[in-house]
Amino acid sequence: MALLKVKFDQKKRVKLAQGLWLMNWLSVLAGIIIFSLGLFLKIELRKRSDVMNNSESHFVPNSLIVMGVLSCVFNSLAGKICYDALDPAKYAKWKPWLKPYLAVCVLFNIALFLVTLCCFLMRGSLESTLAHGLKNGMKYYRDTDTPGRCFMKKTIDLLQIEFKCCGNNGFRDWFEIQWISNRYLDFSSKEVKDRIKSNVDGRYLVDGVPFSCCNPSSPRPCIQYQLTNNSAHYSYDHQTEELNLWVNGCRAALLSYYSSLMNSMGAVTLLVWLFEVTITIGLRYLHTALEGVSNPEDPECESEGWLLEKSVSETWKAFLESLKKLGKSNQVEAEGADAGQAPEAG
């Protein structure tokens with residue numbers, strides 16, 4: 001028994017074809033929007049690729065770009081099919097291709113849904129790549145004379161100013177690395193020598209941060225050196241003077257920014273997916289309604305359209321049986337090939 005059977009007369013078939021034609025061209029615009037979103041996200045990720053550890057984060061924007069292009073192609077073709085469906089002579093050339101085309105549309109909808117899920121689930125991989133990337137970027141902050149790393153100081157400073165953040169997890173991350181280049185250290189100074197000798201790795205570590213960590217909303221001039229020494233500054237307590245520097249770490253700030261982008265893009269893609277599923281269902285009804293016309297010479301006769309020719313369970317069983325037959329045919333071909341090679345081996 002057919003699933004969700006609906007009766008159609010000529011007027012309903014014409015309205016269905018016209019409505020699907022309009023929806024397909026709206027989906028072409030939606031595909032352009034998805035393509036634009038993927039391109040925008042890719043550009044945003046490229047801007048800060050220096051503080052990202054790997055290129056896994058580009059999977060989602062690349063997928064959005066591909067799905068946007070495929071959406072434009074498939075919906076343009078579907079619009080042409082719906083337009084030609086009103087003319088029996090033109091529809092005849094599309095008739096053999098409609099079933100394979102609908103199967104491709106189902107696969108496209110599945111892929112689009114998976115990309116939508118990736119938009120919402122990208123936060124985990126993005127968090128790890130930002131954590132490692134920012135850590136390496138801070139490590140190379142001082143290498144202003146090293147080719148390939150001389151830009152890292154500017155990148156980190158602009159990042160901290162733009163996103164109002166400091167360090168990886170917080171400003172104390174700067175205490176654990178040498179962010180001042182040896183070029184600007186006076187090695188004849190006793191203080192510099194003592195600091196280097198007191199460190200096992202021979203690094204010059206200070207309880208200070210770069211200027212880009214300073215919060216301009218602070219009521220007092222920025223204190224960026226000797227942050228943990230209360231006696232070094234007048235009327236200062238490092239445990240209560242958090243407004244002096246940005247409190248948030250850059251990993252959390254960037255993660256929040258990209259997560260909001262991904263959630264917005266995921267919501268848009270989900271709406272487009274629902275629209276595409278509706279179009280695919282409409283195309284299935286149009287296909288079966290046109291196939292069910294008993295007398296092609298009488299276009300005004302009634303016909304029946306359905307979503308599935310059989311029930312869901314019967315359709316699933318038929319699908320599994322077709323897979324089994326396909327597997328057996330491949331096995332027979334493999335055995336035949338082995339039998340043909342055996343005499344040659346003898």
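Helices here are DSSP runs of H or I with at least four residues, numbered from the N terminus. By that count, Val272 sits in helix α8. The model is a predicted one, and the description below starts with the overall fold before coming back to this residue.

The protein holds 9 helices and 2 strands. Walking along the sequence, the order of elements reads β-α-α-α-α-α-α-α-α-β-α. Of its 346 residues, 39% fall into the buried class. Take the contacts between residues at least 6 apart in sequence: 73% of them join residues at least 24 apart. As for the outside, the accessible surface adds up to about 20200 Å², and carbon and sulfur atoms account for 61% of that.

Back to Val272 and its surroundings. Val272 has a relative accessible area of 9%, so it counts as buried, the cut-off being under 20%. Setting aside neighbours within four places in sequence, the contacts of Val272 are Ala30, Ile34 and Leu112. Phe113 is also worth a look: 159 residues separate it from Val272 in sequence, yet the C-alpha to C-alpha distance between the two is 9.6 Å.

Lys154 makes a handy contrast. This lysine belongs to helix α6. With a relative accessible area of 60%, Lys154 is exposed, since that label applies to anything over 50%. Ser212 lies 58 residues from Lys154 in sequence, and their C-alpha atoms are 9.9 Å apart in space.

Helix α6 turns up again in the packing around helix α5. Helix α5 covers residues 123–139, which makes 17 residues. From its first C-alpha to its last, α5 reaches 24 Å, close to the 24 Å expected at 1.5 Å a residue. Its buried residues are Leu126, Thr129, Leu130, Ala131, Gly133, Leu134, Gly137 and Met138. The cover over these buried residues includes α1 (10–47), α6 (152–163) and α8 (250–291). Helix α8, the one that carries Val272, is thus among the elements covering α5.

Next come the internal spaces. There are 2 cavities of 30 Å³ or more. The largest cavity has a volume of about 60 Å³. Its lining is made up of Asn24, Phe74, Asn75, Ala78, Tyr101, Cys105, Phe108, Asn109, Glu276, Ile279, Thr280 and Leu283. Elements giving two or more residues to that lining are α2 (59–84), α4 (98–121) and α8. Sorted by type, the lining of the largest cavity has 7 nonpolar residues, 4 polar and 1 charged.

The second largest cavity holds about 40 Å³ of space. Around it are Ile81, Ala85, Tyr91, Leu98, Leu283, Leu286, His287 and Leu290. Helix α8 supplies the largest share of this lining, with 4 residues. Here the split is 7 nonpolar, 1 polar and no charged residues. Leu283 shows up in the lining of the largest cavity and also in that of the second largest.

Helix α8 therefore keeps coming up: it helps cover the buried residues of α5, gives two or more residues to the lining of the largest cavity, and contributes 4 residues to the lining of the second, by the helix numbering used above.

Technical notes. Residues are numbered from 1 along each chain as its sequence is written. This is a predicted model: local features need pLDDT of at least 70, side-chain atom pairs count only at pLDDT 80 or more; totals for chains, interfaces and linings use all residues. Side-chain values use heavy atoms; hydrogens and water are left out. The expected span of a helix is 1.5 Å times one less than its number of residues. Buried means under 20% relative accessible area, exposed over 50%, partly exposed in between (1.4 Å probe, protein chains only). Contact means heavy atoms within 4.5 Å. Accessible areas come from the Shrake-Rupley method with a 1.4 Å probe; for residues, only the protein chains shown count as cover. On a 1 Å grid over the protein atoms alone, a cavity is a set of points where a 1.4 Å probe fits but cannot get out, and a pocket is an open set with protein on both sides within 12 Å along at least five of seven lines; lining residues have an atom within 4 Å of a point. Grid points are joined across faces, edges and corners, and a volume is the space filled by probe spheres set on the points. Ala, Val, Leu, Ile, Met, Phe, Trp, Tyr, Cys and Pro count as nonpolar, Asp, Glu, Lys and Arg as charged, and the others, Gly among them, as polar.
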